[in-house]
Amino acid sequence: MKVVLFCGGYGMRMRNGASDDVPKPMAMVGPRPLIWHVMRYYAHYGHTEFILCLGYGADHIKNFFLNYEETTSNDFVLRGGRTELLSTDIASWTITFVQTGIESPIGERLRRVRHHLDGDEMFLANYADVLTDAPLPEMIDRFARRDAGASMMVVPPQSSFHCVDLGEDGLVGGITAVSELPLWENGGYFVLRQEIFDHIPENGDLVADGCAQLAKRGRLVAHQHRGFWKPTDTVKERAALDDAYARGDRPWAVWERDGAGASA
């Protein structure tokens, strides 16, 4: 299945100042940027056709792949001055780079790459900045068996804050951690059918417009995931993932846990 990655936003909370024009998916975790980790996850499960919805900082993403150095994350033999790779990351990948606008909402970015999907009944989509160990084959199989237009992976709330239950007299009736509430957040991993395009207007949003309309019609399903899931909206969150990578604590790297799989 083709994988649409939304990687054109400004990522303001990840930037170190006005001169920093690196898009969020290019923030580093270990020796590779976030977008590489997301793509490696999909490739491990055999999904190696990617469509990148570019916008802000597109040149950084283009140049990374145009000048990709396999030896950074693969073993190799140097013989007679020539490099012989023992394994590869992206040799089997097909990557389509599409400029979808600097200011475009995610739904509009998806609309602008529709013709690259070749009318495929089902396809995958992702924000390109969230890492997980979710069982992708299970997510796809469950959706394929359902009569629905979209599937959204949902996760428990990640906030460390507490909610306070107030009475009319101002007395606190209880305090509950947000993470313990019976709520679910959008986890950013989608399995979609072409039907989604019927509900995204020009300059619309994937979730607020497309998924919301499907939900009203009983055409949106959720895949609940309680395992590893980490967003990278801030510098602190990116640094935490980078530290975890350095310690060898990287549950999102399913290709290391399960072997090379289909990504090589």
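This report looks at salt bridges in a predicted model.

## The overall count

Side chains of opposite charge can pair when their charged atoms come close. Searching the whole structure turns up 17 salt bridges. Let's walk through a few of them.

## A link across the sequence

Start with R32 and D89, whose side chains form a salt bridge at 3.6 Å, N to O. What does this pair tie together? R32 sits in strand β3 (residues 32–33), while D89 is in the loop between β6 (82–85) and β7 (94–99), so the salt bridge connects parts that are 57 residues apart in sequence.

Are these two residues buried or exposed? R32 has a relative accessibility of 3%, so it counts as buried. D89 is buried too, because its relative accessible area is 0%; the cut-off for buried is under 20%.

## Pairs within a helix

Now for helix α3 (residues 106–112), which holds both E108 and R111. They are 3 residues apart, or about one turn of the helix, and their side chains meet in a salt bridge at 2.8 Å, N to O. E108 is buried at 6% relative accessibility, whereas R111 is partly exposed at 31%.

Helix α4 (residues 136–144) has a pair as well: E138 and R142, 4 residues apart, again about one turn of the helix. The closest N and O atoms of this salt bridge are 3.0 Å apart. Here E138 is partly exposed at 35% relative accessibility, and R142 is partly exposed at 42%.

## A shared network

Which residues are joined into one network by salt bridges that share partners? They are K2, E49, D118 and D120.

Note on methods
Residues numbered from 1 in each chain as written. Predicted model: local features only at pLDDT ≥ 70, side-chain atom pairs only at ≥ 80, totals over all residues. Heavy atoms only, no water. Salt bridge = Lys/Arg side-chain N within 4 Å of Asp/Glu carboxyl O. Helix = DSSP H or I, 4+ residues; strand = E, 2+ residues; numbered from the N terminus. Buried < 20%, exposed > 50% of the residue type's maximum accessible area, 1.4 Å probe, protein only.
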